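Visitor: I should like a close look at one strand and the sheet around it. Please say what its partners are and how it is surrounded.

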Amino acid sequence: MLLNISNEYKSPNFDNRRKNTKIKYIIIHYTETKNLKTALKILCNPKKKVSCHFIIDLNGKIYKLVDESKNAWHAGLSYWKKNERLNDRSIGIEIVNDGVTKFNDIQIRNLILLLKKLVKNFGIDKLNILGHSDIAPTRKKDPGIFFPWEKLQKFKFGLPLKKSEKAKNLNLSNNEFRLFLKNLKKVGFSQINIKQQDSKINKIIINSFHRHFYIERVDKSPDKNSLEISNFIILNLFNN
């Protein structure tokens with residue numbers, strides 16, 4: 001299917017990428033607005049100092065606001081594995097969504113088409129397609145609990161998913177909790193503190209993990225199924 005991308009709107013909020021910096025990541029966001037017009041007032045306003053490379057409207061239409069050769073200001077203070085401030089090595093995609101409703105099928109269909117194009121053009125590892133809350137868990141919740149990661153997984157976009165067992169809510173032992181934290185750090189959540197297990201930042205990152213991989217446990221402590229899911233991700237990341 002042919003992907004049509006409009007250049008009708010442009011954002012002034014960008015700067016140059018550092019020389020010889022490879023684009024490694026694609027970061028998915030929601031706009032937290034009800035429509036494109038409101039989103040553009042933010043993303044194209046020089047006073048706001050935020051932007052993205054692409055935005056997908058409610059009807060699925062895609063607009064390019066910043067060229068991929070430039071830094072769009074979408075990631076902010078962010079961390080993943082050994083990388084910090086991911087603006088310089090990522091492409092940001094905003095989807096018009098208020099954060100409390102489901103995404104339209106046509107939005108996700110065209111997002112997948114766009115991802116295929118970007119992955120091919122820039123040689124991006126499909127595992128490096130992440131949500132804003134993955135890389136900035138202390139500040140952001142997007143793309144939120146309604147984002148259909150499972151639809152992206154059909155094309156192996158994003159980290160591997162494991163279906164959660166809703167009935168399993170057994171508490172983790174101290175050793176299991178420590179292993180869970182170590183798993184999160186291996187996955188990419190580099191701010192995890194293994195020594196201070198009950199730290200505030202750990203609790204926030206665990207919630208971000210649940211928001212992406214185990215929605216039933218959002219705002220709850222991890223259980224044995226959280227550990228199993230993290231084990232599954234590690235197994236798939238390092239054995240393929």
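Guide: Isoleucine 26 has isoleucine 91 of strand β9 as its bridge partner. This is a predicted model, in which local features need pLDDT of at least 70 and side-chain atom pairs count only at pLDDT 80 or more, whereas totals for chains, interfaces and linings use all residues. Residues are numbered from 1 along each chain as its sequence is written, and side-chain values use heavy atoms, without hydrogens and water.

The bridge from isoleucine 26 to isoleucine 91 belongs to the pairing of β3 with β9, residues 90-95 (strands are DSSP runs of E, at least two residues, and helices runs of H or I, at least four, numbered from the N terminus). Strands β3 and β9 run parallel to each other and share 6 bridges (a pair needs at least two DSSP bridges). A further parallel partner of β3 is β10, residues 129-131, joined to β3 by 3 bridges. Here isoleucine 28 faces glycine 131 of β10.

β3 itself spans residues 25-30, and 6 of its 6 residues are buried, so the strand is largely enclosed by the rest of the structure (buried: under 20% relative accessible area with a 1.4 Å probe, protein chains only; exposed: over 50%; partly exposed: in between). In a regular strand, side chains alternate between the two faces of the sheet. On one side of β3 lie Tyr25, Ile27 and His29, and on the other Ile26, Ile28 and Tyr30; both of these faces are covered, with every one of the six named residues buried.

The wider setting is an open sheet of 6 strands with mixed pairing, ordered β1-β5-β4-β9-β3-β10. In this order β3 sits between β9 and β10. The edges are β1 (5-6) and β10; each has a single partner strand, so one side of each is left without a neighbour in the sheet. At the β1 edge, that strand pairs in parallel with β5, residues 62-64, through 2 bridges, and isoleucine 5 is set opposite isoleucine 62 of β5.

Helix α2, residues 105-122, packs on this sheet and touches β1, β3, β4 (54-56), β5, β9 and β10 (contact: heavy atoms within 4.5 Å). The direction of α2 makes about 170 degrees with that of β9 (axes are fitted to C-alpha atoms, for helices over the stretch in contact, and angles between N-to-C directions run from 0 to 180 degrees). In summary, β3 is a buried strand with parallel partners β9 and β10, and it is touched by α2.
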